[in-house]
Structures are given as C-alpha cells and as structure tokens.
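Here is a short guided tour to read with the structure open beside you. Let's start with a single residue and work outwards from there.

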Amino acid sequence: MSEYYWDSKIEYLRNTRWLYYNDDYLEFLVQRVWKIEAPVRVVDYGCGYGYLGAKLLPLLPEGSSYTGIDKGRELLREAAELFGNTSYSTIFIQGDIEHMKPERQYDIAICHAFLLHMEQPIDILQRMIDSVVDGGRVICFEPHWIAGAANQEFGSFPHSDGVNLGVLQKLYELDANRNGRDGNIGMKLPLLMSQLGLRDVACRVSDKVNFLDQNMEASAKKRLFDALRDDGIGLEPPDENNMIDRLIERGLSEEEAQAQYAAELQLSQVVNEDSWLTYAPNMKISYGTVGERSL
C-alpha cells in the first residue's frame, strides 16, 4: 500500500469534489470567459484521480490533450482507469512536483485544491508558469477557507455559536506563516500571479450553493449530507485534551483553544441528516496569461 497520504483519500475526493461547481458554470468559463476555441494542451499539477480533467475535456475543442502529474501511484491508477474507455488524449506522470521541471510545451496549466497543500506554493506556481507557452494560460482553482466557513447557514442555530470566524482566521494565518500551507491561498493568487509576471489576471468564484433541504428526495439528501460531513461540516471533534493541546501548539491561547473545541462540539450536536443547511464553498478560480505585458 502506498504511503502517500492522498493515495488513501480517493474516496473522500470522489465524494466531495461535486460540492464545488455546477457543470454549466464550468462550461461558461471555458466558452464565454476563457473563449477556448482551438485544441489545447493541458497540464494538471496535482491532478489526483483526474477530476478536473474529466470535467474540462468534454468542454474543450476536439483534439485537446490532458497531462496529469501527481505524486500518488494509486491516484494515477484511478485516473488512468477513469479515462481508459474514452477517446481523449491523456498522459499521466508520477512525480514530485516540488522537484520536477516540466518543459515549456503546454497551452494551459491548471491545478485544483493543490497549492494550499504546498509548503512553497509560489515556487509551484512559478513552475506552472514556466511550463506554458507564450499566450497560454495558468488557471488555479483554490480554496478560500474563511469565506467557505462564513458561507454556512444552519437554520435556527446561530452561525456564530458553531463557527468562530476570528479564531479560524487566526489559525489559518498562523499555519501559513509556520509551514507555508495556506487554506486561504485562493484569494491571494491574483496578487501572486501578477507579481510573477502573468498578464490579464482575473479571478472568479465558484457558483455552487449546496442546500440540504428536508423536502428533497431521501437518497439525494443522504448523498449531500454525507458529502458535507466528508468536507468537514459538523464533524464531531476528536478527543478534547488532544485537540486543545494541538490548537495551542498551532498558536492559539488556551482560552481560544477551549472555545474552538466547544464551538465544534456544539455544531456537531446540531448538524445531522435532518438539519436544514446551506453551504457555499467559495472556491476561487484565478487565471492569467503568460507572456510580456504590452507597453
């Protein structure tokens, strides 16, 4: 069995990716925003099991190709199986992107919920830029965790009782400063892209709002609830002492850590399959064009 962490998370990835976008919005981006009208060579950094490729390839012009790069052997085996019975041109490369230097041969470099896990995300973003020909694009689908945390509604249960935005934002900032891994990187990418020389930089936000509706069909409700739980909403916190100790290690005061544990515990006790709940993940979609700016 692979020791790579994400090789053990394929089921989680499959169960949660659909929470983030409506298919017609991705079609709108490809056709109306990016206006991709000719075949393109796409490289996906941290492709996982090929989720983004599976979503984009049917929308891209015929003759487009997709190269997925990932460290996970099991993830790439899953990706190869996903595309095995299709006519799409795909290549999957196993490798550590932090040490790879792909050639400048692609029209589009993409990533999805990948840079937030990197200790040196700016270095990875530069590698993405370096792999794209002049006039090509870099497109990053990355989270803005604090916005996702803010965009939750639990009906009669007060949001502020279960989601302590101030403490969460402090945790995200402390973690980013300590190890480089930044769950809020989605909102920072337009800035980083422009600073690294991309032109025509812009950013969109995912359109999906998930609604756990008590009037919806039972199997659809269960599927949505299970996905929301897998995405971390309303989960029962771990052992109290261990969690508080860990939060203090991450930089919170003892009082803040205790309050965070109490909030997560309270939320876990009120969120269940019979709850009313809305959740907008708020993924940010940042993009820019490779090549010198015109004077």
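## Thr 16 in helix 1

Thr 16 sits in helix 1. In this predicted model, Thr 16 has a relative accessible area of 0%, so it counts as buried. Its side chain has a polar partner along the backbone: one of its polar atoms lies 2.9 Å from the backbone oxygen of Tyr 12.

Which residues does Thr 16 touch once its neighbours within four places in sequence are left aside? They are Ala 227, Asp 230 and Asp 231. Two of these names lead straight to the next stop, since helix 10 covers residues 218–230.

## Helix 10 and its buried side

Helix 10 is built from 13 residues. From first C-alpha to last it reaches 18 Å, close to the 18 Å expected at 1.5 Å a residue. Its buried residues are Lys 221, Leu 224, Phe 225, Ala 227 and Leu 228. They all fall on the same side of helix 10, because they cover an arc of only 165° around the axis.

What do these buried residues pack against? Their partners are helix 1 (10–16), strand 8 (210–212) and strand 9 (277–279). After helix 10 comes Gly 232, with a positive phi near 100°.

## Ser 268 in helix 12

Helix 12 (residues 254–270) is home to Ser 268. Is Ser 268 buried or exposed? With a relative accessible area of 13%, Ser 268 is buried.

A polar atom of the Ser 268 side chain lies 2.7 Å from the backbone oxygen of Leu 265. Setting aside neighbours within four places in sequence, Ser 268 is in contact with Arg 229, Gly 234, Leu 235, Glu 236 and Pro 237.

## Helix 8 and Glu 173

Helix 8 runs over residues 165–179. Its 15 residues should span 21 Å at 1.5 Å a residue, and the end C-alpha atoms are indeed 21 Å apart. The buried residues of helix 8 are Val 167, Leu 168, Leu 171, Tyr 172, Asp 175 and Ala 176. Their cover includes helix 6 (145–150), helix 11 (240–249) and helix 12.

Glu 173 also belongs to helix 8, but Glu 173 is partly exposed, with a relative accessible area of 43%. Its C-alpha atom is separated by 25 Å from that of Leu 19, and the two residues are 154 apart along the chain. Helix 8 is followed by Gly 180, which has a positive phi near 85°.

## Helix 5

Helix 5 (residues 121–130) has its own set of buried residues: Pro 121, Ile 124, Leu 125, Arg 127, Met 128 and Ile 129. Where do they pack? They lie against strand 1 (41–45), strand 4 (106–112), strand 5 (132–142) and helix 9 (185–195).

## Two loop residues with positive phi

Most residues other than glycine have a negative phi. Here are two to look up in the loops. Lys 35 is not a glycine, yet it has a positive phi of about 50°. Lys 35 is in the loop between helix 2 (23–33) and strand 1, and at 54% relative accessibility it counts as exposed.

Ala 113 is also not a glycine, and its phi is positive at about 45°. Ala 113 lies in the loop joining strand 4 and helix 5. At 18% relative accessibility, Ala 113 counts as buried.

## The whole chain

Now step back to the full picture. The protein chain has 12 helices and 10 strands. Its C-alpha atoms fill a box of roughly 50 × 45 × 45 Å, taken along the principal axes. A compact globule of 295 residues would have a radius of gyration near 19 Å, and the 20 Å of the protein chain agrees with that.

How much of the chain is buried? Of the 295 residues, 48% count as buried. The accessible surface of the protein chain comes to about 14,900 Å², and carbon and sulfur atoms account for 47% of it. Among contacts between residues at least 6 apart in sequence, 80% join residues at least 24 apart. The contact of Thr 16 with Ala 227, described at the start, is one you can find on screen.

Key. Residues are numbered from 1 along each chain as its sequence is written. This is a predicted model: local features need pLDDT of at least 70, side-chain atom pairs count only at pLDDT 80 or more; totals for chains, interfaces and linings use all residues. Side-chain values use heavy atoms; hydrogens and water are left out. Helices (H or I, at least four residues) and strands (E, at least two) are DSSP runs, numbered from the N terminus. The expected span of a helix is 1.5 Å times one less than its number of residues. Buried means under 20% relative accessible area, exposed over 50%, partly exposed in between (1.4 Å probe, protein chains only). The arc is that of the directions from the helix axis to the C-beta atoms. Contact means heavy atoms within 4.5 Å. The radius of gyration is taken over C-alpha atoms; the globule rule is 2.2 Å times the number of residues to the power 0.38. Accessible areas come from the Shrake-Rupley method with a 1.4 Å probe; for residues, only the protein chains shown count as cover. A polar contact is a pair of N or O atoms within 3.5 Å; within protein, one must be able to donate a hydrogen and the other to accept it, and residues adjacent in sequence count only if both atoms are side-chain atoms.
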